[in-house]
Amino acid sequence: MGDLPTNQKNLKEKLLNSSKKTMDKSKVTNPITDCVASADNTILNETCPKKDQAIVFDSIDNIPQIDYVLAICKLIPSKCINYVSRISNNRFCVYFTDKNSVDYLIENHSNIVINDHSSIKIRRLINPAKRIIISNVSPAIPNISIKALLQEHNIQLLSQITHINAGFNIKELAHILSFRRQVYINPNDFAKLPSSLLIIHDNTPHRRHSFMLQM
């Protein structure tokens, strides 16, 4: 086969060069696309903190955020702090890198001192509910009577009072309940729990029932 005419040869070279440029462009990275993809990967791989990694305390008027942060940094390394912000009800919230930081502060420093003179009590952002078991309660006593007595002691109930199964490992007996009941309360109310309470049901003195509160 002979050589192509000059004009056809030039046209072929132009087509080849054009095709090559198109292929090269397809290999060029788009900085905007790459940035979005990188951000998406960051979001997908992000580990959001949990509420048990945070403390909260009442804020003081005209005190800047940095003063609260500096006060906390006197008690715990600054690298342990991840997020801070004012929140509703005139409070200030701090999220830490882990729950251990919160546990350390609550157990060892119940207060922070702002500007060397104002002391503020710190507390967990959330208080996990704790279960108590109420023993020796006759099934004739309604839950509402137990609830009323606990509330008289300013104990905050975080769940309904429920009966506990007797624990028989036989299918035909699985429905039988015990004389024990359970309820979840605010852990800050543990100190308010009495060792026992006296219940008078149906206004009948001789039908008194006592029960024990166990943690």
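A salt bridge here is a side-chain nitrogen of Lys or Arg within 4 Å of a carboxyl oxygen of Asp or Glu. Keep that cut-off at hand, since the tour will come back to it. The model on your screen is a predicted one.

**Stop 1: the whole chain, coloured by confidence**

Start with everything selected. The protein has 215 residues, and buried residues make up 27% of them. Its secondary structure comes to five helices and 10 strands. About 15100 Å² of the protein is exposed, with carbon and sulfur atoms supplying 53% of that area. Now look at contacts between residues at least 6 apart in sequence: 61% of these join residues at least 24 apart.

Next, colour by pLDDT. The average for the protein is 78, and 73% of the residues score at least 70. Where is confidence lowest, and where is it highest? Helix α2 (residues 31-45) is at the bottom with a mean of 44, while β3 is at the top with 96.

Two stretches are worth selecting before you move on. Over residues 18-40 pLDDT stays under 50, and the model has one contact beyond four places in sequence for this stretch. Residues 205-211 also stay under 50, but for them the model has 25 such contacts.

**Stop 2: the nonpolar cores**

Select Ile55, Phe57, Ile72, Val94, Phe96 and Ile112. In the largest nonpolar core, which has 18 residues, these touch the most other members. Two or more residues of this core come from each of β1 (54-58), α3 (65-73), β3 (91-96), α4 (99-108), β4 (111-114) and β5 (118-124). Show those elements as a cartoon and keep the side chains on as sticks.

Now centre on isoleucine 112. Which residues does isoleucine 112 contact, leaving aside its neighbours within four places in sequence? The list is Phe57, Ala71, Ile72, Leu75, Ser118, Ser119, Ile120 and Ile122.

Then turn to another core, which lies apart from that one and has 15 residues. Ile132, Ile146, Val183 and Leu193 are among its members, so they make handy picks for finding it.

**Stop 3: helix α4 and its salt bridges**

Go to helix α4 and pick serine 101, which is found there. Is serine 101 buried or exposed? Its relative accessible area is 6%, so serine 101 is buried. Beyond its neighbours within four places in sequence, serine 101 is in contact with Ile76, Cys80 and Phe96.

Stay on the helix and add lysine 99 and aspartate 103. Their side chains meet in a salt bridge, with 2.9 Å from N to O. The two residues are separated by about one helical turn, because they are four residues apart in helix α4. Lysine 99 is partly exposed at 35% relative accessible area, whereas aspartate 103 counts as buried at 13%.

Which other residue meets the side chain of aspartate 103 in a salt bridge? Select arginine 124: the N to O distance here is 2.8 Å. This pair links distant parts of the chain, with arginine 124 in strand β5 and aspartate 103 in helix α4, 21 residues apart. With Lys99, Asp103 and Arg124 all displayed, you are looking at a network of salt bridges.

**Stop 4: from β5 to β1**

A search of the whole structure finds four salt bridges. For another of them, select arginine 123 and aspartate 58, whose closest N and O atoms are 3.5 Å apart. Arginine 123 sits in strand β5 and aspartate 58 in strand β1, so this pair too links distant parts of the chain, at 65 residues apart. Both residues are partly exposed: arginine 123 has a relative accessible area of 33%, and aspartate 58 has 40%.

**Stop 5: the loop between β7 and β8**

Finish at the loop between β7 (162-165) and β8 (177-185), where you will find isoleucine 170. At 44% relative accessibility, isoleucine 170 counts as partly exposed. Switch on a surface and add Phe168 and Leu173: together with Ile170 they make a nonpolar surface patch of about 250 Å².

Your last pick is isoleucine 176, which is also in the loop between β7 and β8. Isoleucine 176 counts as partly exposed, at 30% relative accessibility. Draw a C-alpha to C-alpha distance to alanine 166: the two are 10 residues apart in sequence and 5.8 Å apart in space. Not counting residues up to four places away in sequence, isoleucine 176 touches Asn165, Ala166 and Phe168.

Definitions and conventions:
Residues numbered from 1 in each chain as written. Predicted model: local features only at pLDDT ≥ 70, side-chain atom pairs only at ≥ 80, totals over all residues. Heavy atoms only, no water. Patch = residues over 30% accessible without salt bridge, like charges linked within 9 Å, V, L, I, M, F, W, Y side chains within 5 Å. Areas by Shrake-Rupley, 256 points an atom, 1.4 Å probe, with all protein chains shown as cover. Buried < 20%, exposed > 50% of the residue type's maximum accessible area, 1.4 Å probe, protein only. Core = buried A, V, L, I, M, F, W, Y, C linked by side-chain atoms within 4.5 Å. Contact = heavy atoms within 4.5 Å. pLDDT = per-residue confidence, 0-100.
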